[in-house]
Amino acid sequence: VCVKYFRVQSAVFNGVQIQSVEVECVQSRRLPHLQLLGCTSTASLEMRERLIAAFSSSKLSFPARRITIRLSPSVSADVCETLDLAVALAILGSSGAFPIEKLEQMLVFGSLRLDGAIQEANAAQVLRKFLRNSKMTGAILPWSVSSLLAEEKSYKGGGFRDLNEVLIFLRSEEKRAAHAAAICVDSPQAEPLENAIDRIEGLVVAKRMLEIAAAGAHHSLLLGPRGVGKSLLARALPSLLPPPNSEQQEELSLLYRVRREKWDGRIPFRAPDLSLSMRQLIGGMRGFGELSLAHGGVLFLDELLERDRESLEALRMPMERGWIAKIEGEQYFPADALIVGAANLCPCGARGDKANRCICSIWEIRRYRRRLSFALADRFDLRLELSPEQNEAQSSGRSYSQVRESILMARELMLRRQNKTNGRLELSECFEKEWQESAMARWRAESTRRGNSLRGSAALAKVALTISDLAAASFVSERHVFEAAHYRGAVEA
Ligand SMILES: [Zn+2]
């Protein structure tokens, strides 16, 4: 006895294009079974398992009936994942979960994860083309590509993060989903609006260091007495950074979604407090932490030396690589954040400030500074000790927009040259740009003076390279190395 017939329009990748596929579904009161016609038996078996898992994770009951699904035209095994959502909705629709009219002339596209989430898709371009050439009047899409629906005001539907969100929408009276994915990079709205750097008086050297940090994505360490402006500087950094690229945007929306938070589309700035465990900061066996939520943006670790040793040591690898490996398996979490550490010069915080008297003993200060093990300190390409006097220094005369312009230009230069930021380079890669002989000599001399640590020498070279890129110079000069050496102090002393 046939219960209900339901039909959903979907699509699969066909090379670099999208090809439409019709998904038909009937349910009958016979022995419970899910039969998929129109793809190989392995593919249909896999899809069945994905669907059953996604239904159960979404707390939806899978109909205990005989369900027959037919895909036409038939589909090759390697592309049929994008039909998951369509097949799921065909099953739910034929069970009467929502009215059939809701999906009329709608494209349903997306693959499901076992937890019921709709997988991010990176196919906005081809989908846009497909929709424009089709007779569809709307679409149910993964959240990540929903911005393309916003372009055409007449389209129904929207982007969704999981199966339940789709169901809520299909049961509602709404024609359009209320939410849309973050705006594309090339949209002017993605530009940060704050020009915080203009509001900071003085601190010319520190602001210059922020400029270098933002351009080359160099981890930075700010040392100085309490109240000298370390947090203010860190908070000014996101507005100097280039906006996340489209890959980072997709990763960010995915990461925030897993945390059941919504990424607001702005450059992340995370400033976790001292009480955070290592697991909350970096992530454990199963999850990720603040570092990943700062992906593409800034992770500000104030009172760095007050934090537990374990967390600090665990930061070392991700600081170099920009991702965190999960202990089991080959999965990893993106964690490409710019880390800004800040610390007082002594436990009481007054050292270095002439107006206040430090009450710490030499021994306490030594123990305090030893906490920043040499190995971790060395991973900060830029290090600066701030003093209150610098507050009174003259302004550099450069406005926020001028500074930001040179940062974006420098970033473009380095990405064109080596396809990664200078902060991520190995030492040998630093010499793809031409170095003047005097610059090389200066770099060798500085390295020797600082004990020839490989990482330290590399940091000096990377920072010099960024300074040269900021100047749009075609080579690295002695002056660039000289300036770079300024931002390599603070710790060895
Ligand atoms: Zn003190």
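Which residue of β10 does R270 stand opposite? The legends below treat this contact and other close-up views of a predicted model.

**View 1. The five-stranded open sheet and its edge strand β9.** In β10, the residue opposite R270 is L299. This contact belongs to the pairing of β9 with strand β10 (residues 298-301), which is parallel and runs over 2 bridges. The two strands are part of an open sheet of 5 strands with parallel pairing, whose order is β9-β10-β13-β8-β14. At its edges lie β9 (269-270) and β14 (382-385), each of which pairs on one side only. Beyond β10, in the loop between β10 and α12 (309-314), is E303. The phi of E303 is positive, near 50°, in a residue other than glycine.

**View 2. The zinc ion and its four cysteine donors.** The zinc ion has as its protein donors the SG atoms of C346, C348, C358 and C360, at 2.2 to 2.4 Å. Around the ion, the 4 donor atoms subtend angles of 107 to 115°, and the arrangement is therefore tetrahedral. For comparison, the ideal angle for four tetrahedral donors is 109.5 degrees. The spacing of the donor residues in sequence is C-x1-C-x9-C-x1-C. Within this set, C346 and C358 link distant parts of the chain; they are 12 residues apart, and each lies in the loop between β13 (338-343) and α14 (362-370). The donors vary in exposure: C346 is buried, at a relative accessible area of 0%, and C360 is also buried, at 15%. C358 counts as partly exposed because its relative accessibility is 21%, above the 20% under which a residue is called buried. A disulfide would require two cysteine sulfur atoms within 2.5 Å, and by this rule the count is 0 disulfides.

**View 3. Strand β4 between two partners, with a cis peptide bond after it.** Strand β4 (residues 66-72) pairs with strand β2 (residues 17-28) in the antiparallel sense, over 7 bridges. With strand β3 (residues 33-37), β4 pairs in the parallel sense, over 5 bridges. R70 of β4 takes part in both pairings: R70 is the bridge partner of E24 and also the bridge partner of L37. Together, β3, helix α1 (residues 41-57) and β4 form a β-α-β unit of left-handed sense. The peptide bond from S72 to P73 is cis, its omega being near -5°. P73 lies in the loop between β4 and α2. Most peptide bonds are trans, and most residues other than glycine have a negative phi.

**View 4. The enclosed helix α2.** Helix α2 (residues 84-94) is largely enclosed by the rest of the structure, because 11 of its 11 residues are buried. Among these buried residues are D84 and S94, together with L85, V87, L89, I91 and L92. Just after α2 comes G96, which takes a positive phi of about 85°.

**View 5. Helix α7 and the residue that follows.** Helix α7 (residues 204-216) contains 13 residues and spans 19 Å from its first C-alpha to its last, close to the 18 Å expected at 1.5 Å a residue. Of the 13 residues in α7, 10 are buried, and the helix is mostly covered. The buried residues include A206, K207, M209, L210 and E211. Also buried in α7 are I212, A213, A214, A215 and G216. In general, an α-helix has 3.6 residues a turn, so residues three or four places apart point the same way. After α7 comes A217, with a positive phi; that value, near 55°, occurs here in a residue other than glycine. A217 lies in the loop between α7 and β8 (220-223), and its relative accessibility of 24% is why A217 counts as partly exposed.

**View 6. The parallel pair β6 and β7.** Strand β6 (residues 138-142) and β7 pair in the parallel sense, with 5 bridges between them. One contact of this pair places G138 opposite K156 in β7. Strand β7 (residues 156-160) is mostly covered, with 4 of its 5 residues buried.

**View 7. E434 and F475.** E434 is found in strand β15 (residues 434-435). With a relative accessible area of 53%, E434 is exposed. From C-alpha to C-alpha, E434 and F475 are 4.7 Å apart in space, while 41 residues separate them in sequence.

Conventions. Residues numbered from 1 in each chain as written. Predicted model: local features only at pLDDT ≥ 70, side-chain atom pairs only at ≥ 80, totals over all residues. Heavy atoms only, no water. Buried < 20%, exposed > 50% of the residue type's maximum accessible area, 1.4 Å probe, protein only. Pairing = 2+ DSSP bridges. Expected span 1.5 Å × (residues − 1). Donors = N, O, S within 2.8 Å, 3.2 Å for Na, K, Ca; no water. Tetrahedral: all angles 85-135°; square planar, octahedral: opposite > 155°, others 65-115°. Right-handed = clockwise from strand over helix to strand, strands pointing away.
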